[in-house]
Each structure stands twice: as structure tokens, then as C-alpha cells.
Amino acid sequence: MRLLDQTKLPLEQVVVEIATWQGAAAAIRGMQVRGAPAIGVTAGYAVAMAAMEDSSPDREGLLANLARAAAEIVAARPTAVNLQWAVKRMLQVAESEREPEAIKARLLAEAKRIQEEDETINRKMGELGKELMPDGGGVLTHCNTGALATSAFGTALGVIRAGWESGRRFQVFNTETRPFLQGARLTSWEFQQLGIPSTLLVDSAAGMLMRRGGISCVITGADRIAANGDTANKIGTYSLAVLAKENAIPFYVAAPTSTVDLSLKTGDEIQIEERPQEEVTHFQGVATAPPGVPALNPSFDVTPSRYITAIVTEEAVCRPPYVQSLKESVKLAVGASAGVRGSG
Ligand code: MRU
């Protein structure tokens, strides 16, 4: 597997070659690949690699080894449900085949399918969501939700892109996204590649800009959405949503139905990843805080659904009550995927 190393961007474009499933899990843990859909796609290939590397003589041995690898891959990062979703889907495919060689071939094909579907889904979200983009004014986004965070096109960034490509004109603002700087390093770079002008803000400038009237809407991605619409996303999303409500600005989320976790009633049940303190106390290895000072580094927060104006999935622009609209979207997506499999 070849991955564009996201820890090196934007200064260097380095492609890393991943030769083993353990290497793929390490790349997810180390954020060389990140973003909920992209880690789902990577996890799919990681399971396929685990099968291809396996030398068990029989089906049972192969399936047992796959289950062990799957558990380790899923543990790489806990918040984005796409990781678990992709691994579960791969294991179901493995279970459905009888012969080890057939299992291996099917798993590689399924990983490719997950990757291809992701691009189609993102383009659909762009088509549906572009109507939410203003003509004039400002659009604020957080973290990185573009092609880098997915297999192609992006989720929230894809909606912005589709709006721009449809001829609407607005000023894009993107936050730095402390402490890992996905916004400054990755989103700014992606907008440059796309030729869409964007302006970088420190995270804490967002409220001031909203109050001044410079923002017409906020749009972010998601790592996990509970059945009631509560949404886990990059740390700082909750603050943006509360500020948006205070300033009567619509707050949108764009995410595929694979990010919706109907098994969780509310966002209180979402596990939040805690990342190393050094990401807060250091910048590129240089200390920015006194030695020994404790730091808190939750990587995500949960935005209660009452702050969210709409959630764009590949099936619909969902509006409250999300308990119904999200369930309907998931049902449509499951039906569409069954149709594709049935005819394919
Ligand atoms: O820690 P990261 O960089 O993996 O977090 C990414 C985000 O929070 C994104 O907003 C989310 O995964 C949606 S990506 C299309």
C-alpha cells in the first residue's frame, strides 16, 4: 500500500510504502493517514494484507488470524467508527467464502470496492450539499475533510468544492486546528491545489469573525454520529457550533452514512481518543511549554445535535429530528449497497 505521508505535508510530499498489516495499523496510529473515511479505506486494505500474508493451511486458521489482526487494526484509533465499520465489512466477506485463496482474492476486491465507493459517496454529498453553500459571504471549516481525509474529493471540503465549482462565490476560512494543525497544514494545502482561495485563522479567531458578520455558514466533517445526531469531530468543533448558534449562523455537518453509528443513542456514548501530551507541549519536537507541565489532549469533542442545522449524507440533507432522518439515510444506503452487490 502506498500512502501520502500526512505528517510531512505541506513541506514535503513523501509517499510511504506499507508492506504489512501491522505497518498499516501503525500508519493509522501515527496519523500518516488520518480522517475518518481514509482510515476506513486503509483498514480495509490492512485486513486484505493480513489475509495475503497468512500461510495457514486451512480456512479456520486464516479466519482466526484475521480476527486477531482485525482487533489490533480497530484498536489503532477509537473514535472514527469508519475504522470498525470497514473491518467488520471485511470480516463478513471473509466469512462468506470457503477456500483460503478465494478469501484472499475477495478481500482485496472488497478493499478496492470500499475505496471506490468512498469517492462516489463523497461526490454525491457534494452534489446534495452544494445547495447549502452561499453566493457571497464566508464559509468556515475546521480540521481537514478533503481528498486527504478520504479516498478522493472529501466530505465537508467536498461540499465547499462542489459549491465553488457550481459557480457560487464565497470566501473560505479555515481554522489552524490546534494542536495537530490539520487545518493549517493540510486544508490550506488542499485549497491551494484546487485553486479555491482560503484564509487561515487561529482557532480562537472564529468567534470574533462570526460576530463581525463575516461568516454565512460553518461546515465540518464527522468521526462518529450517534442515532440522535450528536456528532463527534475534531476538538474545537463543539465551540464552533455553539458560537454559530449564538450568532444565528447555520452549522452543517457532512459525513457518509458509514460514519453514522445507530447503535449509540447519544453522543455521550462515543469514546474520545486522548492523544499524547507532547502534541500540546511541543511543536515539531521543540518545547512550547515549561518542562513537566501536564497537558490535556482530547482529539475530538461531541457537538449536541441541537446545534446542528443539517447533516449531509450521500443519501439526503438530513434535518432534525435526526433520529428519523439519519435512520432513513442509513436505510437508503444499505438498500443501495445491497442493490449494487445483487446486480454485480
Ligand atoms: O484526528 P484526525 O485528523 O483523523 O481527525 C479528522 C477529523 O476530525 C475530520 O473532521 C473527520 O475525520 C472527517 S474527515 C472527512
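This is a short conversation about how some features of the predicted model above get their labels.

Mentor: This is a predicted model, where local features need pLDDT of at least 70 and side-chain atom pairs count only at pLDDT 80 or more, while totals for chains, interfaces and linings use all residues. Residues are numbered from 1 along each chain as its sequence is written, and side-chain values use heavy atoms, with hydrogens and water left out.

Trainee: Why is Thr177 called buried or exposed?

Mentor: Buried means under 20% relative accessible area, exposed over 50%, and partly exposed in between, with a 1.4 Å probe and protein chains only. Thr177 has 0% relative accessibility, so Thr177 counts as buried. Thr177 also has a positive phi of about 70° although it is not a glycine.

Trainee: And what makes Leu181 count as buried?

Mentor: Its relative accessibility is 11%, so Leu181 counts as buried. Leu181 has a positive phi too, near 60°, and is not a glycine. Leu181 is found in the loop between E4 and H7, and Thr177 lies in that loop, between strand E4 (171-175) and helix H7 (182-194). Helices (H or I, at least four residues) and strands (E, at least two) are DSSP runs, numbered from the N terminus.

Trainee: How do you know how helices H3 and H5 pack?

Mentor: Two packed helices are described by the angle between their axes and the distance between the axes. Axes are lines fitted to C-alpha atoms, for helices over the stretch in contact, and angles run from 0 to 180 degrees between N-to-C directions. For H3 (residues 59-74) and H5 (residues 100-129), the angle is about 35° and the axes are 9 Å apart. The contact (heavy atoms within 4.5 Å) is made by Arg59, Leu62, Leu63 and Leu66 of H3 with Pro100, Ile103, Lys104 and Leu107 of H5.

Trainee: What makes a group of residues a nonpolar core?

Mentor: A nonpolar core is a set of buried Ala, Val, Leu, Ile, Met, Phe, Trp, Tyr and Cys residues joined through side-chain atoms within 4.5 Å. The largest one here has 39 residues, and Leu66, Ile73 and Leu107 touch the most other members. H2 gives the largest share of this core, 12 residues.

Trainee: Which residues does Ile73 contact, leaving aside neighbours within four places in sequence?

Mentor: Ile73 is in contact with Trp21, Ala25, Ala43, Ala46, Val47, Leu83 and Val87. There is also a second, separate core of 26 residues, with Ala206, Met210, Val218 and Tyr322 among them.
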